[in-house]
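This report describes selected packing, backbone and aromatic features of one protein chain. The sequence and the coordinates are shown below.

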Amino acid sequence: MKLGVIGGTSLFGTKLLEGAKEKEVETKYGNTYLLVTDELVFIPRHGKATNIPPHRINYRANLASFKLLGVEKVIGATSVGSLKRAITPRSLVVPHDYICLYNIPTVYDDEIVHVTPGLDDGLRRTIIEVANKLDMAIFEQGVYFQTVAPRLETKAEINFMRNYADVVGMNMASEATLATELGLRYADISTVDNYAHGIIEAEVLDYKKIVEDASKSRVDLEKVLIKLIEVIE
Ligand code: HPA
């Protein structure tokens, strides 16, 4: 069974996707661009041209195309800001829960269904084992706060969030919730690319710098994903 991975632009051009074939999948929510290898179905979250902003990502089509291709296990690779001084940029976090107080996509527009969300514990444990074997600094749990994209947060918002969560990002809760709705197993590995706004008082937050730092963390992330493909059946 192929593993599904949804990741950012930083994974393009890596060994993970060597020899991958392009594919387009049509779903009732729209089309998805994918890269497929013998072991992996990869969805670049920001599209082929890497220009889909976070608030316009078609999460429903992305998750539905995994379902259509028979993928059952999905790893989300996301970029996050740290809400805690101890969670330093360049580390990896495997969240065990999430908070999303805003609108979230759903596949249940025409029937009344209320899923109970969560992250897949078996997949989480596998990610943690793999990272430990590779001797990587990894936080084995953490609460992910999903914010409203595309803007970053105000200092006051971060001050609120830090009391309840460990990292902040724009994608994971949407993907995890849809995965639950579609019966897919989903876990996330987050690369910490910055301290969130105001966590370090004097630091000015700049999205361009976050993107640069995301490509630095890519190396560790890629190593974990390559190993995961070997161990996940
Ligand atoms: N806030 C929201 N999303 C993010 C951040 C952040 O600081 N860093 C990376 N994704």
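## Packing, backbone and aromatic features

Val148 is placed in the loop that runs between strand E9 (143-146) and helix H3 (155-161). The model under discussion is a predicted one. With a relative accessibility of 38%, Val148 is classed as partly exposed. Val148 belongs to a nonpolar surface patch together with Leu101, Tyr102, Phe160 and Tyr164, and the accessible area of these residues together is about 510 Å².

The loop between E9 and H3 also holds Pro150. The peptide bond between Ala149 and Pro150 is cis, with omega at about 5°.

**Aromatic residues**

Two aromatic pairs are present in the structure. Phe145 and Phe160 form an edge-to-face pair, because their ring centres are 6.5 Å apart and their planes meet at 80°. This pair links distant parts of the chain, since Phe145 is in strand E9 and Phe160 is in helix H3, 15 residues apart. Phe145 is buried, at 1% relative accessibility, whereas Phe160 is partly exposed, with a relative accessible area of 41%. Phe160 also pairs with Tyr164; here the arrangement is tilted, with 5.3 Å from centre to centre and 50° between the planes. Phe145, Phe160 and Tyr164 thus belong to one aromatic cluster. Phe160 and Tyr164 are also members of the surface patch that includes Val148.

**The nonpolar cores**

Which residues touch the most other members of the largest nonpolar core? In this core of 32 residues they are Leu63, Phe66, Val74, Tyr98, Met172, Leu184 and Tyr186. Two or more core residues come from each of strand E3 (30-36), strand E4 (40-44), helix H1 (59-68), strand E5 (73-82), helix H4 (172-182) and strand E11 (185-195). H4 provides the largest share, with six residues. Apart from this core lies another, of 28 residues, which includes Leu123, Ile127, Ala131 and Leu221.

Val74 shows contacts to several parts of the chain. Neighbours within four places in sequence aside, Val74 is in contact with Gly4, Ile6, Phe66, Leu123, Leu184, Arg185, Tyr186 and Ala187. Among these partners, Phe66, Leu184 and Tyr186 are listed with Val74 as residues that touch the most other members of the largest core.

**Helix H1**

Helix H1 is largely enclosed by the rest of the structure, because seven of its ten residues are buried. These buried residues are Tyr59, Ala61, Asn62, Leu63, Ala64, Ser65 and Phe66. Their cover includes strand E1 (3-7), strand E2 (21-27), E3, E4, E5 and H4.

Is Asn62, a residue of H1, buried or exposed? Its relative accessible area is 7%, and the cut-off for a buried residue is under 20%, so Asn62 counts as buried. When neighbours within four places in sequence are left aside, Asn62 is in contact with Thr32, Ile43 and Ile57. After H1 comes Gly70, which has a positive phi, near 80°.

**Positive phi outside glycine**

Most residues other than glycine have a negative phi, and most peptide bonds are trans. Two residues with a positive phi that are not glycine are set out below, with their phi, location and accessibility.

| Residue | Phi | Location | Relative accessibility |
|---|---|---|---|
| Thr50 | about 55° | loop between E4 and H1 | 34%, partly exposed |
| Asp135 | near 60° | loop between helix H2 (121-133) and strand E8 (138-139) | 71%, exposed |

**Lys223 and its surroundings**

Lys223 is part of helix H5 (residues 207-231). Its relative accessible area is 43%, and Lys223 is therefore partly exposed. In sequence, Lys223 and Ala131 are separated by 92 residues, while their C-alpha atoms are 8.6 Å apart in space. Ala131 is one of the residues in the core of 28. Not counting residues up to four places away in sequence, Lys223 touches Leu134 and Met136.

Definitions and conventions
Residues numbered from 1 in each chain as written. Predicted model: local features only at pLDDT ≥ 70, side-chain atom pairs only at ≥ 80, totals over all residues. Heavy atoms only, no water. Core = buried A, V, L, I, M, F, W, Y, C linked by side-chain atoms within 4.5 Å. Buried < 20%, exposed > 50% of the residue type's maximum accessible area, 1.4 Å probe, protein only. Helix = DSSP H or I, 4+ residues; strand = E, 2+ residues; numbered from the N terminus. Contact = heavy atoms within 4.5 Å. Patch = residues over 30% accessible without salt bridge, like charges linked within 9 Å, V, L, I, M, F, W, Y side chains within 5 Å. Areas by Shrake-Rupley, 256 points an atom, 1.4 Å probe, with all protein chains shown as cover. Salt bridge = Lys/Arg side-chain N within 4 Å of Asp/Glu carboxyl O. Phe/Tyr/Trp six-rings, centres within 6.5 Å; stacked < 30°, edge-to-face > 60°.
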